[in-house]
Amino acid sequence: MKKISSFVLKIASRCNLNCSYCYMYNLGDKTYMNQPKFMSIDTISALAERLRSYCSAADIRFVQIVFHGGEPLLLSKEFFRESIEIFTSTCPDIEFSYTIQTNGVQLDSDWYHFFNEYQVKIGISFDGPREQHDRYRVFHNGKGSYEDVAKAVRLGKDNGLTGILMVLNVDIPPAAFYQEIKQLGVRNLNLLFPDGHHSKLPGGFDIERLSEEGYTPYADWLIALFVLWKQDKSRPTIRLFENLIALLMGNEHIGNQAIGRKTNGVAVIETNGGIEVVDSLRACYEGITRNNFNVHTGKIEDLFGDDVFELFYNSHEMVCEQCLNCPVYDICGGGFLGNRFSEANGFDNPTIYCKDIIRLVSFLQNDILESLPAATVEQIGVEKMSYEEVMEELKRPANTRIDKSVKQKLISFKQVS
Amino acid sequence: TKIASQPEQKSIIDEALKSSQNEQLDLYKAIFG
């Protein structure tokens, strides 16, 4: 049986911000308008019952609950208190960990105190220096949210803030970005590639340069940041870098929907109780994540019958033929499924960040091997592999052919006939 | 591009990291550990 151990609860379908790049509202899918504004306690109770039976059948003892939205802090403390009590009392055999991902606008010392009391880990979405943050992360009246969010981040330094989540913005000079996170006292952050795909590229790409083999704007930015970060003796955690390095060095435990080769045991519980695949796939096309499964009427296992979930769960195995023959495949696993989409080929493409990932991974691999003693490198029998060498490798005839049924599934999501 | 796929490769790297005083390896020591 497939194992889902992380559940993202869309406890609010609306948000007090209107970020321009948000996959929930501004990237092609408007189905949020059919959802109730807030998740009900009845839905939490129904989910807890479904979790109890599913986790027992699938032999899952540890479950991560992520309170998400929309903006989850639009709900009351009582909602969170009651939800946690319901999960705990309904599922005594499951050990839960709780996380909330918030835009931080309403995150004050009362909220910090509350989440610390209930051992809920806190993540804030943040976009860097004021100018860039306020360009994208705005209130519905167009006013920027930097001041409110920066205040919450600073407050969190001594109040249990777990980490910061930032969408990569190559318009911010890496040095200015690093200075910003240092002056805010950020200790842990993760970087996300912007949502987008072959038919809707994110703004960081210059369309006219896409065909250039050496054009890797996101990797160039990340490598510049890595150099600053590595030199800093009091460096914060940057999860993307650490995970890629751990994968390169053979750690088998690392993996998420963007990198590695593990399955993606994550499901979304919609505001109305719908059981769906992760909502960031909504950037692909209208309704891609929607189905008729619901905790009020069915089981968690119903999701296994959803073609999109099947593909997402196995997305690091179900990749296009180019990925199967790529020297970086063991590290990136083909990248995030949503970034592989095109209207013409469905998911039968490499990610739009393919060249960037190859450049970044080969840079990190080279840096590790250059840092290790020469005798050690000789002993392990691994050679440095440059970006250019990987790209040359990809031009050779494929050694590994894609399974026909996999290719058929990948193409079946195309949106043009 | 993967540097260590086999247990013996990991052991060799582990030993090298433990015995090295090279500051350039501090980051990789922390992550490998």
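Where in chain A does Gly70(A) lie? I looked this up first and found Gly70(A) in the loop between β2 (62–68) and α2 (77–90) of chain A, where helices (H or I, at least four residues) and strands (E, at least two) are DSSP runs numbered from the N terminus. A cis peptide bond joins Gly69(A) to Gly70(A), with omega at about 15°.

I note that this is a predicted model, in which local features need pLDDT of at least 70 and side-chain atom pairs count only at pLDDT 80 or more, while totals for chains, interfaces and linings use all residues. Residues are numbered from 1 along each chain as its sequence is written, and chains are lettered from A and ligands numbered from 1 in the order in which they are written.

**Backbone entries.** I then looked up positive phi values outside glycine. Asp59(A), which is not a glycine, has a positive phi of about 55°, and its place is in the loop between α1 (41–58) and β2 of chain A. Asp59(A) is exposed, with 8 other C-beta atoms within 10 Å; a residue is exposed at 12 or fewer such atoms, buried at 20 or more and partly exposed in between, with C-beta atoms placed from the backbone. Gln119(A) also has a positive phi of about 55° without being a glycine, and I located Gln119(A) in the loop between α3 (109–117) and β4 (120–125) of chain A. Gln119(A) is exposed, having 11 other C-beta atoms within 10 Å.

**Core entries.** I turned to the largest nonpolar core, a core being a set of buried Ala, Val, Leu, Ile, Met, Phe, Trp, Tyr and Cys residues joined through C-beta atoms within 7 Å. Of its 126 residues, those touching the most other members are Leu9(A), Leu244(A), Leu248(A), Leu281(A), Phe312(A) and Val361(A). Helix α12 (residues 354–371) of chain A gives the most to this core, with 8 residues, and the core draws at least three residues from each of domain 1 (6–313) and domain 2 (321–411) of chain A, the bounds coming from an automatic or database domain assignment. Leaving aside residues up to four places away in sequence, Leu244(A) touches Ile259(A), Ile331(A), Val361(A) and Leu364(A).

**Interface entries.** Counting two residues as in contact if their C-beta atoms, placed from the backbone, lie within 7 Å, I recorded 18 residues of chain B in contact with 24 residues of chain A. On the chain B side, α1 (7–19) and α2 (26–32) are the elements that give two or more residues, and α1(B) gives the most, with 5 residues.
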